Amino acid sequence: MMPNNKTVPQVKGDFLLGNLSQMIANPFRALCDWQRDYGDLVSFRLATRHFYLFGHPRLIEQALIKQSDVFVKIYNPEKPTGLALVLGQGLVTSQGDLWQRQRRLMQPVFQRSNITTLLPQIATAGSNMLDRWRKLGDGAQVNLSREMMRLTLEVITQTMFSTSVLDKIEHLSPSLDILLRYAARSIMNPLILPLYIPTPGNQKFKQALGAIDEVIYGIIDQRRTASSARNDLLDMLLTARDDSTGEKMTDRQIRDEVITIFSAGHETTANLLSWTLYLLARHPDVLAKLHQELDGLPQGKIPDAEDLQHLVYTRAILNESLRFRPPAGIMLRKVNRNTEVDGYFLKAGRLAIFSIFNLHHHADFWPQPEQFDPERFLMPANRRFSFMPFGTGERICIGNHFALLESQLLLSMIVRHYDLQLLDTDEVEIEMAVTLRPKGGIPARIKRR
């Protein structure tokens, strides 16, 4: 051990299982409580697995930026765990040369100039949903979470793969839900039995994965036999060749990238829109200011890239929503060798959890952090490492501009046409299943404006 190192405080727990019972009961609550009770860097144990929990900008910068070679993705092709069980070696899970090559390949699709050409497709998906709402009639009850999942799923499949999966949504949504929950459990509970043992949970996972794979491989096969190019992300993946070998990607690699964009690209944005609509319904003053800004747009016109540039308050609302309820609540890395962060000694082989939620609610960086206040994003401030809804460093989310533009456009369309009334006055609980989502969804009544 290096001399005069500080010891990382450890969460008190059970002799055998450590802190497993708190984690299983409510992982989101546990991570918040531990930061509050023990500070910005704390260690905890889930049975055989040891973790460090990070919740301070300085610590995050030292780990993820200055020691990105030490804090690495936990991908192990032989023994996949967490999201890798679902996404394989896609952009979110892979590392090293493979990750760099795939990231370079996909980057152009997500460049700002390209994203603005996708706005009409996003608007179409939005209009279709609003038409469906109109047919449901005034005062109809919907679950906003489910509606937003549908909407963002349609956006991602239309823009990236030029297809729609809405006809399969009844199977798709529950399957994705099963997969994400299982992925989260496989990290947090080391006592889960390996997939080859046919427990009910393992069987359910395999069925769900089969259902999703069928859809994904279906999309790929359909495109292979298509006569004309679509110039979307899928075309790029299918025609890409390795710089050095000239080889094309295997079907499996294409599948991994497609399922990564497919799931990461709609689940998080759906959560952002759901939380935002929920927060607006609970803060009429903010909603009134938003209406004021949107009323400045020409009547009946769907905002284009130019209009969105000017919707400054709309953007501030989305940023504050990302701060207050960040869809990606945590990031996970493995410490691949003994190291030191801020004078603390950290052991190789342990896992590091970076809590974006705790960071976004840190009282040292956010005055009155429990207050939803978009105004704070109208003032210039240095928020490096204290605000990182899309992660940070070279692994920052490739779709961040896309998600923000998409959310801005869809939010403005929904709010201009509909008033939403929450059916439950109690505060919605946060549930952590990889992403932070509203537990039980958000039942609401829709009313045309």
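**Group meeting: helix packing and buried residues in a predicted model**

Let me begin with Phe 324, whose place is in helix H15, where helices (H or I, at least four residues) and strands (E, at least two) are DSSP runs numbered from the N terminus. Before going on, I should say that this is a predicted model, in which local features need pLDDT of at least 70 and side-chain atom pairs count only at pLDDT 80 or more, while totals for chains, interfaces and linings use all residues. Residues are numbered from 1 along each chain as its sequence is written, and side-chain values use heavy atoms, with hydrogens and water left out.

Is Phe 324 buried or exposed? Phe 324 is buried, because its relative accessible area is 6%, and buried here means under 20%, with exposed over 50% and partly exposed in between (1.4 Å probe, protein chains only). Leaving out residues up to four places away in sequence, Phe 324 touches Leu 279, Phe 357, His 361, Pro 369, Glu 370, Gln 371 and Phe 372, contact meaning heavy atoms within 4.5 Å. With one of these, Pro 369, the C-alpha separation is 7.8 Å, although the two residues are 45 apart along the chain.

That brings me to the helix that Phe 324 helps to meet. The axes of H12 (residues 251-282) and H15 (residues 312-324) come within 9 Å and cross at roughly 105 degrees; axes are lines fitted to C-alpha atoms, for helices over the stretch in contact, and angles run from 0 to 180 degrees between N-to-C directions. H12 is therefore roughly perpendicular to H15, on a scale where angles under 35 degrees count as roughly parallel, over 145 as roughly antiparallel, 65 to 115 as roughly perpendicular and the rest as oblique. From H12 the contact takes Leu 272, Trp 275, Thr 276, Leu 279 and Leu 280, and from H15 it takes Ile 317, Leu 318, Ser 321, Leu 322 and Phe 324. By class, these residues are eight nonpolar, two polar and no charged, where Ala, Val, Leu, Ile, Met, Phe, Trp, Tyr, Cys and Pro count as nonpolar, Asp, Glu, Lys and Arg as charged, and the others, Gly among them, as polar.

H12 also packs against H17 (residues 400-417), with axes 10 Å apart and an angle of about 40 degrees, which means that H12 is oblique to H17. The crossing of H12 and H17 is right-handed; a crossing is left-handed if the near helix is turned anticlockwise from the far one by less than a right angle, and right-handed if clockwise. Among the residues that meet are Leu 272, Thr 276 and Leu 280 in H12 and Leu 410, Leu 411 and Ile 414 in H17, and the whole contact has nine nonpolar, three polar and one charged residues.

A third pair is H7 (residues 119-136) and H8 (residues 144-161), which pack at about 145 degrees with axes 9 Å apart, again in a right-handed crossing. The H7 side includes Met 129, Arg 132 and Trp 133, and the H8 side includes Met 148, Arg 150 and Glu 154, with eight nonpolar, four polar and four charged residues in the contact.

Which helix gives the largest share of the largest nonpolar core? In soluble globular proteins, nonpolar side chains tend to be buried together. Here the largest nonpolar core has 120 residues, and those with the most contacts inside it are Phe 44, Trp 133, Met 148, Met 160, Phe 161 and Phe 402; H12 supplies the largest share, 13 residues. Such a core is a set of buried Ala, Val, Leu, Ile, Met, Phe, Trp, Tyr and Cys residues joined through side-chain atoms within 4.5 Å. Apart from this core lies another, of 21 residues, among them Leu 41, Leu 64, Val 341 and Ala 352.

Leu 41 is also among the residues touched by Tyr 344, as are Asn 5, Val 8 and Thr 339. Tyr 344 lies in strand E7 (residues 344-346) and is buried, with a relative accessible area of 18%. In the loop between strand E6 (339-341) and E7 we find Asp 342, which has a positive phi of about 55 degrees although it is not a glycine, and which counts as partly exposed at 22% relative accessibility.

Lastly, Ile 356 in helix H16 (residues 356-360) is buried, with a relative accessible area of 1%. Ile 356 and Ile 330 are 26 residues apart in sequence but 5.3 Å apart in space, C-alpha to C-alpha, and Ile 330 is one of the residues that Ile 356 touches.
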